[in-house]
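Biologist: Could you take a close look at one part of this model for me, and describe how that part is connected to the rest of the chain? I would like one continuous account.

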Amino acid sequence: MANREGVDFTNLGRRIAGAFGDLLSTNYDDNRLFLLEGQYPVEETLRRLEMGLEKRNIPVFAKFDHGQNALEAGLELRPTTVLVFGSPKVGTGLMQADQSISLELPLRISVWEDESGSTWLAAPRMKRAAAEYGLENHSAVAGMQRLVETLIREAANVYGA
């Protein structure tokens with residue numbers, strides 16, 4: 001398996017270990033989310049994500065700091081931020097095929113700190129989301145997924161993508 005391309009061994013390892021106990025299980029649906037544990041604190045991870053987007057000339061449309069919003073509401077929440085971004089040139093093609101997929105766009109990546117202080121990054125798996133609209137084979141979907149996974153790996157890992 002070590003020479004097979006495209007296999008996320010981090011999540012595969014966690015799923016195998018999770019079968020023997022909950023210690024390493026993420027308790028998230030890997031079929032629905034692309035999930036990766038980061039090696040940097042949340043703020044540094046977000047900075048790296050934003051740099052990756054800027055390098056690719058992809059605009060950030062919104063940044064939701066749920067931790068700050070909770071604080072302003074008098075509540076507590078560990079650092080949790082969602083970046084919303086995308087390319088209108090790419091997303092429009094999907095919406096031309098089915099405008100209701102606009103509910104899934106633009107793309108987004110969530111970065112949060114768990115109860116043990118680890119940083120996590122997650123994004124919806126585009127092929128699965130697009131399948132709900134019959135668009136899983138649309139030419140833009142695979143590229144969108146590759147982009148999101150590359151951005152997450154670059155931001156999360158000291159070695160890059």
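**Helix 6 and its partners**

Modeller: Q145 touches F34, P124, R125, M126 and K127, leaving out residues up to four places away in sequence. This is a predicted model, and in it Q145 is found in helix 6, which covers residues 139-156. With a relative accessible area of 11%, Q145 counts as buried, because that value is under 20%. One of the residues it touches, M126, also takes part through its backbone: the backbone nitrogen of M126 lies 2.5 Å from a polar atom of the Q145 side chain. The C-alpha atoms of Q145 and M126 are 5.7 Å apart, although 19 residues separate the two along the chain.

Helix 6 also takes part in the largest nonpolar core, a set of 30 residues in which L49, F85, L94, L107, I109 and I152 have the most contacts. At least two residues of this core come from each of strand 1 (33-38), helix 2 (42-55), strand 3 (80-85), strand 4 (107-113), strand 5 (119-124), helix 5 (126-131) and helix 6, and the largest share, nine residues, is supplied by helix 6. L107, leaving aside its neighbours within four places in sequence, is in contact with L83, V84, F85, M126, M144, L147 and V148, so M126 is a residue that both L107 and Q145 touch, given that contact means heavy atoms within 4.5 Å.

Salt bridges add a charged side to this picture, and the structure holds seven of them. R56 forms one with E154, the closest N and O atoms being 2.8 Å apart; R56 sits in the loop between helix 2 and strand 2 (60-65), whereas E154 belongs to helix 6, and the pair links parts of the chain that are 98 residues apart. R56 is partly exposed at 27% relative accessibility, while E154, at 19%, counts as buried, the cut-off for that class being under 20%. A further salt bridge joins the side chains of E149 and R125, at 3.7 Å from N to O. E149 lies in helix 6 and R125 in the loop between strand 5 and helix 5, so this pair ties together parts that are 24 residues apart in sequence. E149 is buried, with a relative accessible area of 16%, and R125 is partly exposed at 23%. Finally, K55, R56 and E154 are joined into one network by salt bridges that share partners.

Technical notes: Residues are numbered from 1 along each chain as its sequence is written. This is a predicted model: local features need pLDDT of at least 70, side-chain atom pairs count only at pLDDT 80 or more; totals for chains, interfaces and linings use all residues. Side-chain values use heavy atoms; hydrogens and water are left out. Helices (H or I, at least four residues) and strands (E, at least two) are DSSP runs, numbered from the N terminus. Buried means under 20% relative accessible area, exposed over 50%, partly exposed in between (1.4 Å probe, protein chains only). A polar contact is a pair of N or O atoms within 3.5 Å; within protein, one must be able to donate a hydrogen and the other to accept it, and residues adjacent in sequence count only if both atoms are side-chain atoms. A nonpolar core is a set of buried Ala, Val, Leu, Ile, Met, Phe, Trp, Tyr and Cys residues joined through side-chain atoms within 4.5 Å. A salt bridge is a side-chain nitrogen of Lys or Arg within 4 Å of a carboxyl oxygen of Asp or Glu.
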